[in-house]
Amino acid sequence: LDSNFMRKVAMKYDFVISPSFGDANPTTILEAMCWGFPVICTPQSGYYEDSYRFNIKIDDSNQSLKLLQTLQNVPDEDLNKISRKARAVVKSNYTWEKFTSIIIEHLNLLE
């Protein structure tokens with residue numbers, strides 16, 4: 001995926017929906033956040049609702065539809081704010097350095 005392709009995708013779509021209930025912590029959610037898309041996902045994906053990510057419920061299609069309809073009407077400026085916040089979270093919390101330091105700590109590799 002190059003920047004030209006992603007620019008075209010971003011011009012057509014406002015958010016990414018991940019209705020997964022079997023893939024805990026899928027990297028596609030983090031990738032979407034990096035690309036600047038607000039994310040709508042299930043709690044079963046391992047990512048929970050906060051100020052930059054929204055949850056739909058697998059067993060409540062009415063709630064999910066209501067959320068999608070609400071987000072369809074969010075002004076572009078507000079979607080952009082959500083996107084910037086999500087991207088900042090990925091840059092600060094999901095780095096390779098942080099990931100490897102957690103692995104090293106849990107495996108007691110430095111002792």
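**Group meeting: a predicted model of one protein chain**

The secondary structure of this protein chain comes to 5 helices and 3 strands. Please keep in mind throughout that the model before you is predicted. Reading along the sequence, one meets these elements in the pattern α-β-α-β-β-α-α-α. The C-alpha trace spans about 55 × 35 × 25 Å along its principal axes. The chain has 111 residues, and 29% of them count as buried.

Let me begin with the N-terminal part. Helix H1 covers residues 3-12, and Met6 has its place there. Is Met6 buried or exposed? Its relative accessibility is 12%, and the cut-off for buried is under 20%, so Met6 counts as buried. Met6 can also be related to a residue further along the chain, namely Gly36. These two residues stand 30 apart in sequence, while their C-alpha atoms are 9.9 Å apart in space.

A second pair of this kind involves Pro26. This proline is found in the loop between strand E1, residues 16-18, and helix H2. Pro26 has a relative accessibility of 5% and therefore counts as buried. Its partner in the comparison is Gly46, 20 residues away in sequence; from C-alpha to C-alpha, the distance between Pro26 and Gly46 is 7.9 Å.

I turn now to the packing of helices. In general, two packed helices are described by the angle between their axes and the distance between the axes. Here, helix H2, residues 27-35, packs with helix H4, residues 76-93. The angle is about 120 degrees, and the axes lie 7 Å apart. Because of that angle, H2 is described as oblique to H4. As for handedness, the crossing in which H2 passes H4 is left-handed.

The next topic is charge. Side chains of opposite charge can pair when their charged atoms come close. How many salt bridges does the model contain? The count comes to 2 salt bridges.

One of them joins the side chains of Arg53 and Asp50, with an N to O distance of 3.0 Å. Arg53 counts as buried, since its relative accessibility is 5%. Asp50, at 27%, counts as partly exposed.

Another salt bridge links Lys81 with Glu77, and here the closest N and O atoms are 3.7 Å apart. Where do Lys81 and Glu77 lie? Both belong to helix H4, and they are 4 residues apart, which is about one turn of the helix. Lys81 is partly exposed, with a relative accessible area of 46%. Glu77, on the other hand, counts as exposed, at 55% relative accessibility. Helix H4 thus appears twice in this talk: it holds this salt bridge pair, and it packs with H2.

Finally, let us consider the surface. Which residues make the nonpolar surface patch? They are Trp96, Phe99, Ile103, Leu107 and Leu109, and the patch has an area of about 590 Å². Within this group, Leu107 may serve as an example. Leu107 lies in the segment after helix H5, which covers residues 96-106. Why is Leu107 called exposed? Its relative accessible area is 55%, and the cut-off for exposed is over 50%.

To close, I would ask you to find three places in the structure above: the crossing of H2 and H4, the salt bridge between Arg53 and Asp50, and the nonpolar patch that includes Leu107.

How values were computed: Residues numbered from 1 in each chain as written. Predicted model: local features only at pLDDT ≥ 70, side-chain atom pairs only at ≥ 80, totals over all residues. Heavy atoms only, no water. Patch = residues over 30% accessible without salt bridge, like charges linked within 9 Å, V, L, I, M, F, W, Y side chains within 5 Å. Areas by Shrake-Rupley, 256 points an atom, 1.4 Å probe, with all protein chains shown as cover. Salt bridge = Lys/Arg side-chain N within 4 Å of Asp/Glu carboxyl O. Helix = DSSP H or I, 4+ residues; strand = E, 2+ residues; numbered from the N terminus. Buried < 20%, exposed > 50% of the residue type's maximum accessible area, 1.4 Å probe, protein only. Axes fitted to C-alpha atoms, helices over the stretch in contact; angles between N-to-C directions. Parallel < 35°, antiparallel > 145°, perpendicular 65-115°, else oblique. Left-handed = near helix turned anticlockwise from the far one by under 90°.
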